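Work through the exercises below with the sequence and the structure at hand. Each task is followed by a solution in steps.

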Amino acid sequence: MVFVTAEGLGTWTGDHFNFAIDGASSVPRATALAVDNTGNLWGAGPRGVWRYDGQHFTRIGSAQGLPAGEFTDIAVDAQNRVWFANTDGLVLFDQS
């Protein structure tokens, strides 16, 4: 299981916590997580958005069509579209 704490992104293996995820320290701290239909982990927070494919973290931002700013929540719908909440409302990221 993957989770977010004040210490950062971590995993629970059933008997201990692990915060040693390669590359996690290079991405902004997330306050919300979601998993898409292909198994990618998405993180959103005060300093932006990222995607983790199990091996690499990718920052997602204005070059991919997202507005700059703080994101407060994230969800993935049945069509594998990623929805972000920010102070202006909802932002749709269609990764197809």
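**Exercise 1: Strands around β6**

Find how β6 pairs with strand β7 (residues 57–60), and through how many bridges.

Solution. The model is a predicted one. Step one: the two strands, β6 and β7, run antiparallel and are paired over four bridges. Step two: within this pairing, Trp 50 lies opposite Arg 59 in β7. Step three: the connection is a hairpin, with four residues between β6 and β7. Gly 54, in that turn, has a positive phi of about 100°.

**Exercise 2: The partner β5**

Describe how strand β5 (residues 41–45) is joined to β6.

Solution. Step one: β5 and β6 are antiparallel, with five bridges joining them. Step two: one facing pair is Gly 45 and Gly 48, the latter in β6. Step three: a hairpin of two residues leads from β5 to β6.

**Exercise 3: Cover of β6**

How many of the five residues of β6 (residues 48–52) are buried?

Solution. Buried means under 20% relative accessible area. By that cut-off, four of the five residues are buried, so strand β6 is mostly covered.

**Exercise 4: An open sheet**

State the strand order of the open sheet of three strands, and identify its edges.

Solution. Step one: the order is β8-β9-β10, with antiparallel pairing. Step two: β8 (71–76) and β10 (89–94) each pair on one side only, which makes them the edge strands. Step three: neighbouring strands here are turned by 25° against each other on average, direction ignored. Step four: six bridges link β9 (residues 81–86) with β10. Trp 83 has Leu 92 of β10 as its bridge partner.

Technical notes
Residues numbered from 1 in each chain as written. Predicted model: local features only at pLDDT ≥ 70, side-chain atom pairs only at ≥ 80, totals over all residues. Heavy atoms only, no water. Axes fitted to C-alpha atoms, helices over the stretch in contact; angles between N-to-C directions. Buried < 20%, exposed > 50% of the residue type's maximum accessible area, 1.4 Å probe, protein only.
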